[in-house]
Amino acid sequence: MKTFTLLWLQACGCGGCTMSLLCAESPPLFDQLRWQGIELLWHPALSEASGASVRDLLQRLETGEQPLDLLCVEGAIARGPHGSGNFSRLAGTDRSMLSWVKALAGRARYTLAVGSCAAYGGVSASGGNPSDVSGLQYEGERLGGVLGADYRSAGGLPVINISGCPIHPQWVLETMMSLVRGEMVPEELDALGRPRLFSDHLVHHGCPRNEYYEYKASAQQHSQLGCLMEHLGCMATQAHGDCNIRLWNGEGSCTRGGYACINCTAPEFEEPGYSFLSTPKVAGIPIGLPTDMPKAWFVALSSLSKAATPARLRENAVADHKLVAPKIYTKKKR
C-alpha cells in the first residue's frame, strides 16, 4: 500500500480539534494512522521537529520536491490587516499562515478543513471578526473563503469540510481512510462540503431523549430528563452529525450529558441571534422546528402528543432522575 503523507497546520483557533483527535481509540490515533498507511510529516503540537527542519520541510512541500497527499488545516485563516494575513504568521518562517495555506493547498492532493473554524470561520469569526478570518472555501454559508469557490485540489475535490466544534476523531480518520482507498468522490460530500458519512445523519437520531420528544414532554432546566428542544435551545432535529450514534469516547454526547445541541457542524452556528440555552418562539411556537416537517403539521402533532403524554414521561421530564419506571407488560387472560 502506498504511503500517504500528511501535514497538519494550526491557524486561528483553540486547538480543540487536535485535543479531540487525541481521544481516538480502538486503536489509538497513531496506530490508526500507521495502519492506514499515513505518514505524519509534521503537526505543530504533536511532532518533535521544529526550527530549521520544519522550514526545510515546508520549502520542499511548496516546491513539490516532497509530495503532499493530505493537507489538514485546523482553525480559521486570518486575512487581516488589509488582506496581508499578517495577524497570523507561522513562527520562524517570516510568512503569514494565509500565504502558506494558499501555497500548500495548491500542491496537496486533498485539502481538509478540520473543525468549523477551518471550514466556515466558526467561533474565530464571531464578535465582529476584527482579524477578518475565514474558512478555507467558505465564509460562513457563502462559498469563497481563502481558496475561492472554484478551488479543487490535485485530486479533483473541493475542500473537505470536517466541521464540528470540536470534531469527532473518527470523522477525521474515516475521511482519511476513504481518501487513501480512493473512495471519496464529490458525491460523498454534502452541499456544504461535509463528508456524508456523518452529515447524512441528524444529532436527533439515537438521542436517548427521543421518547420525551415524541410526546413533547419537555425539560424546564438542563438538569432534567425531558426533551431540550421546546424550551432549552436544542437544535438536534436540525443539526447534521451522528453524535448520538457514534458516541464520543464511547460513552456520550451533548444531549446525553444533559446539554442542548447548538448545531456546531453548521456554518454560522456561533452567532444564532439568541441565547444558546433558550429556544426562540413566536406565539409560543419554537422557531427551530425539524427541517423536514411543515410548521402546521408540527403544531397539530404537538398538540396531540401533549394530550397523549403518559404520566410517567410527564413526571420524569421535569426530574433529574427517573421517578416513575415503565409498567411491566403482562398478557391479558383471554
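Visitor: Why is there no bond between the sulfur of cysteine 165 and the closest cysteine sulfur, in cysteine 117?

Guide: This is a predicted model. In it, those two sulfur atoms are 5.8 Å apart. A disulfide needs them within 2.5 Å. So the pair is too far apart for a bond.

Visitor: What makes cysteine 72 fail the disulfide test?

Guide: Its closest cysteine sulfur belongs to cysteine 17, and the gap is 11 Å. The cut-off is 2.5 Å. That is too far for a bond.

Visitor: How many disulfides does a search of the whole structure find?

Guide: Zero.

Visitor: Why is cysteine 72 called buried?

Guide: Buried means under 20% relative accessible area. Cysteine 72 has 0%, so it counts as buried.

Visitor: And why is cysteine 165 called partly exposed?

Guide: Buried ends at 20%, and exposed starts over 50%. Cysteine 165 has 38% relative accessibility, so it falls in between.

Visitor: How do you know that the length of helix α6 agrees with its number of residues?

Guide: Helix α6 covers residues 169-180, which is 12 residues. At 1.5 Å a residue, α6 should span 16 Å. Its end C-alpha atoms are 17 Å apart, which agrees.

Visitor: What makes α6 largely enclosed by the rest of the structure?

Guide: Count its buried residues: 10 of the 12, so the label fits. Among them are Trp171, Leu173, Met176 and Leu179. Just after α6 comes glycine 182, with a positive phi of about 75°.

Visitor: Which strands form the open sheet, and in what order?

Guide: There are five, in the order β2-β1-β3-β7-β11, and their pairing is parallel.

Visitor: Why are β2 and β11 said to stand at the edges?

Guide: Each has a single partner strand, so one side of each has no neighbour in the sheet. From one strand to the next, the twist averages 25°.

Visitor: How do you know that β3 and β7 pair?

Guide: Pairing takes at least two bridges. Strand β3 (residues 70-74) and strand β7 (residues 110-114) are joined by five, so they pair. In one of these links, valine 73 has alanine 113 of β7 as its bridge partner.

Visitor: What makes helix α3 a neighbour of the sheet?

Guide: Contact requires heavy atoms within 4.5 Å. Helix α3 (residues 52-63) packs on the sheet and touches β1 and β2. Its direction makes about 120° with that of β2.

Visitor: Which strands does helix α4 lie across?

Guide: Helix α4 (residues 97-105) lies across β1, β3 and β7. It runs at about 160° to β1.

Technical notes: Residues numbered from 1 in each chain as written. Predicted model: local features only at pLDDT ≥ 70, side-chain atom pairs only at ≥ 80, totals over all residues. Heavy atoms only, no water. Buried < 20%, exposed > 50% of the residue type's maximum accessible area, 1.4 Å probe, protein only. Helix = DSSP H or I, 4+ residues; strand = E, 2+ residues; numbered from the N terminus. Expected span 1.5 Å × (residues − 1). Axes fitted to C-alpha atoms, helices over the stretch in contact; angles between N-to-C directions.
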